[in-house]
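Me: I am new to reading protein models. Please take a close look at one part for me, and then show me how the rest fits around that part.

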Amino acid sequence: MQLSQKQLQIVNHKDGALLVEAGPGSGKTRVLIERSKRGKVLALTFSNLAADEMKDRLTEDRAFEEQLDRVTAGTIHSFCLDLVQSRGNLIGLNPDMVLFESEDDRKTVLKDVFLENQKLKDFLVRQQDKNQIMQRILQLITEQKKRFVLPENCSINEPFPLIYSEYNRKLIDQNAMDFDDILFFAYRILTENPSVVHVYNSLYRYICIDEAQDLNFAQYQVIKALCGESFNNVMMVGDANQSIYGFNGSDSDFMTKSFVADFSPVVYKLNDN
């Protein structure tokens, strides 16, 4: 398949940040494959479905079979989980931490927090709908973690900071983390250990963020941390009109405004299907 003029310009862009505003079927995966010829690519997206689709598209193209090992594709969370499990010791974590991903796991931890603290137990007793208040607390914990707000820095009234702090302590006591810890722990590893950032910057020539319109605060901060102070071979691909994860804190402004302000990318528009 012959590349369009715009696709060729993107493929031939050697160094520096790129923002590709790409609609459905505009050939962004083809561009990614072609750019992999110039160096190893770390391609990150958001859902397992999208990551699997990207891998399938790469393997379907027999003309680029020899290039497959030059592309590492996966979700941002899977990349960060691997980072935490392999280098978590750098921030005091055990390498064999368990991931409490389900709501039932998180509820069990929270129940233990209330059972083991008399002050918090008394607070819960006074609540009319205990299940509802527990659910709300878990939601608030998620919201704080997605903004990288620690218990001692959150602005929510007591006893929430204490609950939040005890919840985190219980997780660590059980050598566990919840789903929202993954990005924060990865961020800490990257920002507190420049040598780790150097390893990834040396391993990959390009970082590509697919469906970038769905970035949220935590994800964008991890990407910035992964780039360190000097790496700017980042290509963000997305369509602001297709942002679908607003419930998860995503905002296309991270792609169209924050990325532009922080990386000064060359902007391309792929509109042709």
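What covers the buried residues of helix α5?

Reply: One caution before the details: this is a predicted model. Now to the part you picked.

The cover of the buried residues of α5 includes two strands and three helices by name: β4 (98-100), α6 (118-125), α7 (130-146), α8 (160-173) and β5 (176-178). Follow those ranges along the chain and find each element in the picture.

Next, the helix itself. Helix α5 runs through residues 103-115, which gives 13 residues. From its first C-alpha to its last, α5 reaches 18 Å. That is close to the 18 Å expected at 1.5 Å a residue.

Which residues of α5 are buried? They are Arg-106, Val-109, Leu-110, Val-113 and Phe-114. Look down the axis of α5, and these buried residues fall within an arc of 140°, so they line one face of the helix. On the other side of α5, Asp-104 and Leu-115 are exposed.

Compare helix α1, residues 5-12. Its buried residues are Gln-7, Ile-10 and Val-11. Seen down the axis of α1, they fall within an arc of 100°, so they also line one face of their helix. The cover here includes β1 (18-22), α2 (28-35), β7 (234-238) and β8 (266-270).

Helix α2 deserves a stop of its own. Val-31 lies in α2. Why does Val-31 count as buried? Its relative accessibility is 2%, and buried means under 20%. Leaving out residues up to four places away in sequence, Val-31 touches Gln-7, Ile-10 and Val-11. Those three names are the buried residues of α1. Val-31 can also be placed against Asn-12: the two are 19 residues apart in sequence, and their C-alpha atoms are 9.8 Å apart in space.

Arg-30 is found in α2 as well. Arg-30 counts as buried, because its relative accessibility is 15%. Between Arg-30 and Arg-57 there are 8.7 Å in space, C-alpha to C-alpha, and the pair is 27 residues apart in sequence.

Now try a strand. Thr-75 lies in β3, residues 71-75. Thr-75 is buried, because its relative accessible area is 6%. What does Thr-75 touch? Residues up to four places away in sequence are not counted; the partners are Leu-44, Thr-45, Phe-46, Ser-47, Asn-48 and Ala-51.

Step back to the whole chain. The protein chain has 12 helices and eight strands. Its C-alpha atoms fill a box of roughly 70 × 35 × 35 Å along the principal axes. Of its 273 residues, 50% are buried. Take the contacts with a separation of 6 or more: 79% of them join residues 24 or more positions apart.

Then there is the surface. The protein chain exposes about 14,000 Å². Carbon and sulfur atoms supply 47% of that area.

Finally, charge. The protein chain carries 31 positive and 39 negative side chains. The centres of these two sets lie 2 Å apart.

Return to α5 with this in mind. One face holds its buried residues, and elements including α7 and β5 cover them.

Methods. Residues are numbered from 1 along each chain as its sequence is written. This is a predicted model: local features need pLDDT of at least 70, side-chain atom pairs count only at pLDDT 80 or more; totals for chains, interfaces and linings use all residues. Side-chain values use heavy atoms; hydrogens and water are left out. Helices (H or I, at least four residues) and strands (E, at least two) are DSSP runs, numbered from the N terminus. Buried means under 20% relative accessible area, exposed over 50%, partly exposed in between (1.4 Å probe, protein chains only). Contact means heavy atoms within 4.5 Å. Accessible areas come from the Shrake-Rupley method with a 1.4 Å probe; for residues, only the protein chains shown count as cover. Lys and Arg count as positive and Asp and Glu as negative; His and the chain ends are not counted. The place of a charge is taken as NZ of Lys, CZ of Arg, CG of Asp or CD of Glu. The expected span of a helix is 1.5 Å times one less than its number of residues. The arc is that of the directions from the helix axis to the C-beta atoms.
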